[in-house]
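Me: Please take a close look at how the strands of this model pair, and set that part in the context of the rest of the chain. I would prefer one connected account to a list.

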Amino acid sequence: MRGLIGKKVGMTSLFDETGKNIPCTVIQAEANIVTQLKTEETDGYEAVQLAFGEAKEKNTPNALKGHFDKANTTPKKKVAELRGFDIEVNVGDEVNVEIFQEGDIVDV
């Protein structure tokens, strides 16, 4: 399963070739940084931890600053784990919308 962290910007609608109105959610999907790889041996499950959005360093707890330093990135606002990530990534890698292909179904 592929995924990204994004921010909902708004809603819009599109019309298909028959004139049917299709509601669409607009997502701001900036690059996500891989901040940690969870493994079966160390954590008991497999997951990829992604971080999104810039945060002020003065508002970031010291424990998280160290966490972000290990990934060689600046503090981020949102951190989330995705299980079953089917793309090979390493800590510090950047993941963006290019992981999706035309026609992929996306759950928002």
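Reply: Two strands are taken to pair if DSSP finds at least two bridges between them. The model is a predicted one, and the account below applies this criterion to it, beginning with the whole chain.

The secondary structure comes to two helices and six strands. Read from the N terminus, the elements follow the order β-β-β-α-β-α-β-β. The radius of gyration is 17 Å, well over the 13 Å that the globule rule gives for 108 residues, so the protein is more spread out than a compact globule. Its C-alpha trace spans about 55 × 35 × 20 Å along the principal axes. Of the 108 residues, 26% count as buried. Among contacts between residues at least 6 apart in sequence, 54% join residues at least 24 apart.

The N-terminal pairing comes next. Strand S1 (7–15) is joined by eight bridges to strand S2 (residues 21–28), and the two run antiparallel. Together S1 and S2 form a hairpin with five residues between them. Within that turn, Gly 19 has a positive phi of about 90 degrees. Phe 15 of S1 has Asn 21 of S2 as its bridge partner. How many of the nine residues of S1 are buried? The number is zero, so S1 lies largely in the open.

The remaining strands make up a sheet. Four strands form an open sheet in the order S5-S4-S3-S6, with antiparallel pairing. Strand S5 (76–83) and strand S6 (94–95) stand at the edges; each has a single partner strand, so one side of each is left without a neighbour in the sheet. In general, the strands of a sheet pair through backbone hydrogen bonds, either parallel or antiparallel. Strand S3 (residues 32–38) pairs with strand S4 (residues 47–54) over five bridges, in the antiparallel sense. Leu 37 stands opposite Val 48 in S4.

Helix H2 (residues 62–70) lies across S3, S4 and S5 and runs at about 95 degrees to S3. The loop between S4 and H2 contains Thr 60. This residue is buried, since its relative accessible area of 9% falls under the 20% limit. The side chain of Thr 60 reaches the backbone oxygen of Lys 56 at 2.9 Å. Leaving aside residues up to four places away in sequence, Thr 60 touches Ala 55, Lys 65, Phe 68 and Pro 75. On the other side of the helix in sequence, the loop between H2 and S5 holds Asn 72. Phi of Asn 72 is near 55 degrees, a positive value in a residue other than glycine. Asn 72 counts as exposed, at 73% relative accessibility.

Side-chain charges add further links, and the count comes to three salt bridges. One of these joins Lys 38 to Glu 81, with the closest N and O atoms 3.2 Å apart. Lys 38 lies in strand S3 and Glu 81 in strand S5, so the pair ties together parts that are 43 residues apart in sequence. Lys 38 is buried, with a relative accessible area of 14%, whereas Glu 81 counts as partly exposed at 34%.

Another salt bridge brings together the side chains of Glu 54 and Lys 76, at 2.5 Å from N to O. This pair links distant parts of the chain, Glu 54 being in strand S4 and Lys 76 in strand S5, 22 residues apart. Lys 76 counts as buried, at 11% relative accessibility.

The salt bridge between Asp 86 and Arg 2 has its closest N and O atoms 3.5 Å apart. Asp 86 lies in the loop between S5 and S6 and Arg 2 in the segment before strand S1, so the pair ties together parts that are 84 residues apart in sequence. Both ends are partly exposed: Asp 86 has a relative accessibility of 48%, and Arg 2 has a relative accessible area of 34%.

Terms used
Residues are numbered from 1 along each chain as its sequence is written. This is a predicted model: local features need pLDDT of at least 70, side-chain atom pairs count only at pLDDT 80 or more; totals for chains, interfaces and linings use all residues. Side-chain values use heavy atoms; hydrogens and water are left out. Contact means heavy atoms within 4.5 Å. Axes are lines fitted to C-alpha atoms, for helices over the stretch in contact, and angles run from 0 to 180 degrees between N-to-C directions. Buried means under 20% relative accessible area, exposed over 50%, partly exposed in between (1.4 Å probe, protein chains only). A polar contact is a pair of N or O atoms within 3.5 Å; within protein, one must be able to donate a hydrogen and the other to accept it, and residues adjacent in sequence count only if both atoms are side-chain atoms. A salt bridge is a side-chain nitrogen of Lys or Arg within 4 Å of a carboxyl oxygen of Asp or Glu. The radius of gyration is taken over C-alpha atoms; the globule rule is 2.2 Å times the number of residues to the power 0.38.
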